[in-house]
Amino acid sequence: MIIKALNKSYGDLKIFEDFSVEFEEMKTTAVMGASGVGKSTLLNAIAGLTDYTGEIIKEGDISVVFSEPALLKNLSVVKNLEYAVSHAYPNKKIPEEKLNEVLEAVELADRRDALPYELSTGMAQRVALARGFLYPSRYIVMDEAFRGLDTALKFRLKRYFLNLLSMNPRTVIMITHDLDEALSLSDRVMVLSSRPVRIALDISLSSDKSTRLPSDPEYMNAASEYMRFIEASI
Amino acid sequence: MRAEAEKLKKFFIKNAWMANIVYPLIGVGVILLIWVIGAAAVGMEMILPTPSRAFEEFFKLLKESEFWLAVGNTLARTILSFVLGFLAAAVTATLSAFVKPAGRIIAPIITVLRSVPTMSIILIAVIALRSTQAPVLVTFLIVYPLLHSSFERALENVDPYAVNMSKVFGVPIYKRVFKLYIPAVLPDVFAASKSNVSLALKVMIASEVLAQTFDSMGVNMQISRIYLDTAQLMGWTLAAIIMSFALEGAVSLLKRFTVRWK
């Protein structure tokens with residue numbers, strides 16, 4: 001995905017001015033930066049949820065995972081998945097084996113008929129994650145998809161994410177405020193600075209993220225680089 | 001003491017009929033008691049008859065064919081105005097919520113309609129239209145802006161994440177309408193309809209009084225007033241209250257049916 005000369009303003013406030021970036025195919029890029037820097041605006045522009053000038057070149061559909069599960073209250077887990085995804089499949093039907101595969105990957109195969117109010121926060125977010133991967137998209141954008149979850153739940157969700165990603169490789173752009181999330185799930189960490197938005201720090205991670213540990217030298221070096229950058233910018 | 005209160009609470013929770021029948025009956029009993037005390041204090045049937053006199057008149061009315069003609073006419077006009085208001089509100093609220101320029105045009109119209117005194121609308125309509133048409137227009141103009149605002153608010157309150165998710169995933173419009181928007185707004189639509197359908201009846205009767213609409217509840221109330229037959233006026237009022245309950249009940253039934261359909 002290539003973003004060329006992106007411009008976006010809110011009134012007189014210029015958020016993006018001639019901003020360009022390229023996201024490598026089938027890789028996961030974590031986008032970080034202070035609150036209000038323009039991360040969500042970037043995601044909204046990519047997802048087509050806000051107007052902008054410039055060019056976003058993409059070669060396929062996008063699916064999205066928000067910080068809220070965005071489930072329809074009156075529909076069961078499976079019906080929610082069908083609502084969002086079925087139209088993208090031949091005969092407007094999700095193949096049963098595909099549906100089972102994704103539900104099993106997020107350990108929700110036994111809750112397929114549950115209504116959203118019968119699910120815990122973590123379960124609901126797992127449905128959102130499943131939905132993102134079930135949609136036959138080339139790109140997945142995630143806007144703080146693990147926000148507000150406790151450490152244990154976050155750990156499990158990250159595992160589900162890596163599991164799903166290994167089964168259904170995609171180009172992922174994830175917005176996060178959590179350094180550990182960025183370093184353990186992505187191949188590249190991009191830190192944005194504001195007014196107008198620029199890439200202030202760009203860290204590449206070459207090791208396999210599914211086996212990467214916080215004690216790995218690459219993880220620790222990247223974390224130190226990020227912390228040095230934060231200290232310097234305070 | 002507390003244990004006993006807890007026991008009582010559990011008993012009421014267990015026995016739903018207490019909540020659905022006994023409690024409302026207690027409420028009705030309180031109204032009747034105040035009415036009896038008021039009638040005794042006033043001591044003049046011409047000003048405030050007793051509940052028993054009003055019921056007597058009410059049952060007398062039930063036997064008259066004119067009563068049923070008036071009730072039928074008023075009911076039909078109320079339903080017509082309400083349905084017109086409902087449909088207009090559904091269209092303009094949808095436009096306001098989804099087409100920003102349309103919303104900007106509609107907003108001041110709604111504000112003006114909401115601010116115009118009911119009596120001004122009635123008086124103008126009575127001058128300009130036939131006595132059978134004026135009450136319909138008046139009731140429509142009162143109910144429509146209220147329904148519009150409720151429907152617009154309901155549409156704006158649909159989960160923005162679900163709306164954005166549907167856009168990104170390219171969910172077909174018909175699916176969004178039937179699976180996302182309609183189920184999300186239905187509770188608010190029914191709540192607004194329930195409160196506005198009884199308002200529609202009240203406005204209809206008031207307009208019928210001023211428009212002197214033949215064979216209507218309003219005009220019959222006016223005739224009772226002219227003859228200082230307050231007991232009969234109360235009989236008509238009881239009929240209006242029962243109609244109001246029936247209309248609200250019909251909305252509730254429709255809601256139950258719709259929930260099952262959904």
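Does B:Pro187 belong with the buried or the exposed residues, and why? In this predicted model, B:Pro187 counts as exposed because just 12 C-beta neighbours fall inside 10 Å, and the cut-off for exposed is 12 or fewer. B:Pro187 sits in helix H9 of chain B, which covers residues 173-211. In space, B:Pro187 has B:Lys255 at 8.2 Å, C-alpha to C-alpha, although 68 residues separate the two in sequence.

Now for the rest of chain B. Chain B has eleven helices and zero strands, so to speak an unbroken α-α-α-α-α-α-α-α-α-α-α pattern when read along the sequence. The C-alpha atoms of chain B fill a box of roughly 70 × 65 × 30 Å along the principal axes. Out of 262 residues in chain B, 33% count as buried. As for contacts in chain B with a separation of 6 or more, 72% come from residues 24 or more positions apart. The chain is divided into domain 1, residues 2-42, and domain 2, residues 51-261, and the centres of these two domains of chain B, taken over C-alpha atoms, are separated by 30 Å.

One backbone oddity in chain B is B:Asp215, where phi is near 50°, a positive value in a residue other than glycine. B:Asp215 is found in the loop between H9 and helix H10 (217-226) of chain B. With 15 C-beta neighbours inside 10 Å, B:Asp215 counts as partly exposed.

Turning to chain A, there is an open sheet of six strands, ordered E5-E6-E7-E3-E8-E9 with mixed pairing. Its edges are strand E5 (62-65) and strand E9 (198-204) of chain A, each of which pairs on one side only. From one strand to the next, the twist averages 20°. Helix H7 of chain A, residues 217-233, packs on this sheet and touches strand E8 (188-193) and E9 of chain A. The direction of H7 makes about 160° with that of E9(A).

At the E5 edge, E5(A) runs parallel to strand E6 (residues 139-143) of chain A, and four bridges join the two. A:Ile62 has A:Tyr139 as its bridge partner in E6(A), while A:Ser63 stands opposite A:Ile140. Side chains along E5(A) alternate: A:Ile62 and A:Val64 point one way, A:Ser63 and A:Val65 the other, and all are buried.

Just past this strand comes A:Ala70, in the loop between E5 and helix H2 (77-85) of chain A. Its phi is positive, about 55°, although A:Ala70 is not a glycine. A:Ala70 counts as buried because 24 C-beta neighbours lie inside 10 Å, with 20 or more being the cut-off.

Chain A also has a set of antiparallel strands. Strand E1 (residues 2-10) and strand E2 (residues 13-22) of chain A run antiparallel and are joined by six bridges. A:Ile2 of this pair stands opposite A:Glu22 in E2(A). E1(A) and E2(A) form a hairpin with two residues between them, and A:Gly11 in the turn has a positive phi of about 65°. E1(A) is also joined to strand E4 (residues 53-57) of chain A, by four bridges and again in antiparallel fashion. Here A:Lys4 stands opposite A:Glu55 in E4(A).

What about the nonpolar interior? In soluble globular proteins, nonpolar side chains tend to be buried together. The largest nonpolar core in the model has 120 residues, and A:Ala130 and A:Val141 are those with the most contacts inside it. Leaving aside residues up to four places away in sequence, A:Ala130 touches A:Leu81, A:Val102, A:Leu103, A:Val106 and A:Leu108.

Finally, the two chains meet in a contact that takes 17 residues from chain A and 15 residues from chain B. On the side of chain A that touches chain B, E5 and H2 of chain A each supply at least two residues. The residues on that side of chain A divide into twelve nonpolar, four polar and one charged.

Key
Residues numbered from 1 in each chain as written. Chains lettered and ligands numbered in written order. Predicted model: local features only at pLDDT ≥ 70, side-chain atom pairs only at ≥ 80, totals over all residues. Core = buried A, V, L, I, M, F, W, Y, C linked by C-beta atoms within 7 Å. Contact = placed C-beta atoms within 7 Å. Pairing = 2+ DSSP bridges. Axes fitted to C-alpha atoms, helices over the stretch in contact; angles between N-to-C directions. Domains from an automatic or database assignment. Nonpolar A, V, L, I, M, F, W, Y, C, P; charged D, E, K, R; others polar.
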